[in-house]
Amino acid sequence: MAGVPTVFPTLLYRDAKAAIRLLTEAFGFTQVAVYEGDDGSVMHAELSYGSGAVMLGSKGRGGAFDTVMADAGPAGVYVVVDDVDAHHRRAVEHGVEILMEPTDQEYGSRDYMARDGEGNVWSFGTYAPQV
């Protein structure tokens, strides 16, 4: 499995299609796959960024994961980016709520935080954990 991510944040959204638009247009993710149900809900989507990815779907579509996540609160996701300031500018241009402007951290990272339309906190920075 060397070089292949083995951990994938998985989020459910009331409006998964809006989340996909935000993640691709404002945050620069690439849409890999989107599977919709007959009612237009997102049954499963995969979006990539660099060597990582996030999976998401619509809330209220049924199934075990949807059931156990029904009362879950917002999540936090960290994404490594090369140019924090350019990434931040793109998010601002798309009207994303910025929680923390690009900031140099004492441990050497430069990062910023934003909130998506459903309360999840997305952090983008230069720190890359060594795993």
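**Contacts, fold and burial in a predicted model**

In the protein, 51% of the contacts with a separation of 6 or more are between residues 24 or more positions apart, a contact being heavy atoms within 4.5 Å. The model is predicted, so local features need pLDDT of at least 70 and side-chain atom pairs count only at pLDDT 80 or more, whereas totals for chains, interfaces and linings use all residues. Residues are numbered from 1 along each chain as its sequence is written, and side-chain values use heavy atoms, with hydrogens and water left out.

User: In what pattern do the helices and strands follow one another along the sequence?
Analyst: Helices (H or I, at least four residues) and strands (E, at least two) are DSSP runs numbered from the N terminus. On that basis the protein has three helices and eight strands. Read along the sequence, their pattern is β-α-β-β-β-α-β-α-β-β-β.

User: What radius of gyration does the protein have, set against a compact globule of 131 residues?
Analyst: The radius is taken over C-alpha atoms, and the globule rule is 2.2 Å times the number of residues to the power 0.38. For 131 residues this rule gives a value near 14 Å, with which the protein agrees, its own radius of gyration being 15 Å.

User: Which residue in S3 is the bridge partner of Ala-33?
Analyst: Strands S2 (residues 30-36) and S3 (residues 42-49) run antiparallel and are joined by six bridges, where pairing requires that DSSP finds at least two bridges between two strands. Five residues lie between the strands of this hairpin, in which Gly-40 takes a positive phi near 90 degrees. The partner of Ala-33 in S3 is Glu-46.

User: Is Val-79 buried or exposed?
Analyst: Val-79 belongs to strand S5 (residues 76-80) and, leaving aside neighbours within four places in sequence, is in contact with Phe-29, Tyr-49, Trp-122, Ser-123, Phe-124 and Gly-125. Buried means under 20% relative accessible area, exposed over 50%, and partly exposed in between, with a 1.4 Å probe and protein chains only. Because its relative accessibility is 8%, Val-79 counts as buried.

User: What is the relative accessible area of His-88?
Analyst: His-88 is placed in helix H3 (residues 84-93). Not counting residues up to four places away in sequence, His-88 touches Ile-98, Glu-101, Pro-102 and Tyr-112. His-88 is buried, its relative accessible area being 10%.
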